[in-house]
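Dear colleague,

I am handing over the structure we spoke about, and it is placed just below. After it come my notes, arranged by topic so that you can follow them with the model open.

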Amino acid sequence: MAEVFEVTIWARGVTQDMEGRHLSLVIANAAAKDGKFTQAWDNYADLPDRVGVPLRKYARISDEEIEMRYNYENLNPSLVIVMDDTIVKGMDILRGMKKGGALVVNSKRSADELLALIPNKDVLKSFVTVDATGIAGGSGLESLDFMGSEGGVEAVAVAVGLAAPLAGAAAKVCDRFSLDSLVAAAANKAAVKEGNKTAVVKSL
């Protein structure tokens with residue numbers, strides 16, 4: 001059985017539900033364009049989500065057909081993306097991560113300031129910060145749309161807001177999907193490129 005690369009996304013309930021879903025979708029769609037087998041879905045354990053409460057979205061990427069598609073939680077993520085940096089404090093965002101993983105956080109804060117809040121940071125190989133909110137505009141908490149929940153068709157274009165720059169930033173430390181494919185898969189192509197360009201990578 002081929003290795004399955006797991007991506008876990010942390011977002012705020014309701015206010016970031018759509019962008020969190022779009023981030024998992026744009027990553028899976030980009031990897032599929034690169035010839036990978038993919039999966040993207042919500043964490044059912046977090047539902048029904050509540051305003052502001054941390055929730056998770058997932059993606060999986062593999063070189064072969066994903067056999068365990070009905071395991072509803074990523075137990076060993078290699079890439080974790082956090083859409084709101086306040087989630088870092090007090091949440092075990094790296095739960096189950098294998099040593100050598102990568103973390104991407106939407107933040108204006110420095111990597112060192114954020115790393116001080118993460119107790120199990122020793123599993124990380126790379127830590128990326130990017131001001132996705134500044135790139136996308138607004139507060140990052142405006143996207144309210146449930147029309148494209150899992151199993152449905154998105155009612156709006158995928159990756160218009162926060163998802164776009166965060167995906168671009170993730171491409172700096174993840175070789176499972178290419179920047180070109182992310183740009184092709186995202187509605188906000190300029191934000192994907194800007195996220196990739198301005199992301200700050202700290203090697204650990």
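**Leu-47 and the surface patch**

Leu-47 lies in the loop between strand E2 (37-42) and strand E3 (54-62). Please keep in mind throughout that this is a predicted model. With a relative accessibility of 38%, Leu-47 counts as partly exposed, and together with Tyr-44, Tyr-70 and Tyr-72 it forms a nonpolar patch on the surface, the four having about 460 Å² of accessible area together.

**The sheet**

The two strands that flank this loop, E2 and E3, belong to an open sheet of seven strands, whose order is E2-E3-E1-E4-E5-E6-E7 and whose pairing is mixed. The edges are formed by E2 and strand E7 (200-203), each of which pairs on one side only. Direction ignored, neighbouring strands of this sheet are turned by 15 degrees against each other on average.

Starting from the E2 edge, E2 and E3 run antiparallel and are joined by six bridges, and within E3 the bridge partner of Gln-39 is Arg-60. E3 also pairs with E1, again in the antiparallel sense, over nine bridges, and here Phe-5 stands opposite Ile-61 of E3. On passing from E1 to E4 one finds a parallel pair joined by four bridges, in which Ile-9 stands opposite Ile-81 in E4.

Two helices should be viewed together with these strands. Helix H1 packs on the sheet, where it touches E1, E2, E3 and E4, and its direction makes about 5 degrees with that of E3. H4 likewise packs on the sheet, touching E4, strand E5 (101-106) and E6, with a direction that makes about 150 degrees with that of E5.

As for the cover of E3, this strand is mostly buried, which applies to eight of its nine residues. In strand E6 (residues 124-130) you will find Thr-129, which counts as buried because its relative accessibility is 7%, under the limit of 20%. Leaving aside neighbours within four places in sequence, Thr-129 is in contact with Val-105, Ser-107, Arg-109, Ala-111, Leu-114, Ala-199 and Val-200.

**Salt bridges**

How many salt bridges does a search of the whole structure find? The search gives 11, and I describe some of them here.

Arg-21 forms a salt bridge with Asp-17, in which the closest N and O atoms are 3.0 Å apart. The two residues are separated by about one helical turn, because they stand four residues apart in helix H1. Both Arg-21 and Asp-17 are buried, and they take part in a network of salt bridges that also links Asp-42 and Lys-57.

A second salt bridge joins the side chains of Glu-73 and Arg-56, at 3.0 Å from N to O. This pair links distant parts of the chain, since Glu-73 is in the loop between E3 and strand E4 (79-82) while Arg-56 is in strand E3, 17 residues apart. The two partners may be set side by side in their accessibility: Glu-73 is partly exposed, with a relative accessible area of 31%, whereas Arg-56, at 9%, counts as buried.

In a further salt bridge, Glu-113 is paired with Arg-109, the closest N and O atoms being 3.5 Å apart. Here Glu-113 is partly exposed, with a relative accessible area of 43%, and Arg-109 is partly exposed as well, with 38%. Arg-109 is also among the residues in contact with Thr-129.

**Backbone angles to check**

Most residues other than glycine have a negative phi. Against that background, which sign does phi have in Val-14? The value is positive, about 70 degrees, although Val-14 is not a glycine. This residue is found in the loop between strand E1 (4-12) and helix H1 (17-33), and at 18% relative accessibility Val-14 counts as buried, because the limit is 20%.

Ala-159 also has a positive phi, near 65 degrees, in a residue other than glycine. Its place is in the loop between helix H3 (132-136) and helix H4 (163-170), and Ala-159, with 0% relative accessibility, counts as buried.

With best regards

Methods:
Residues numbered from 1 in each chain as written. Predicted model: local features only at pLDDT ≥ 70, side-chain atom pairs only at ≥ 80, totals over all residues. Heavy atoms only, no water. Patch = residues over 30% accessible without salt bridge, like charges linked within 9 Å, V, L, I, M, F, W, Y side chains within 5 Å. Areas by Shrake-Rupley, 256 points an atom, 1.4 Å probe, with all protein chains shown as cover. Buried < 20%, exposed > 50% of the residue type's maximum accessible area, 1.4 Å probe, protein only. Contact = heavy atoms within 4.5 Å. Pairing = 2+ DSSP bridges. Axes fitted to C-alpha atoms, helices over the stretch in contact; angles between N-to-C directions.
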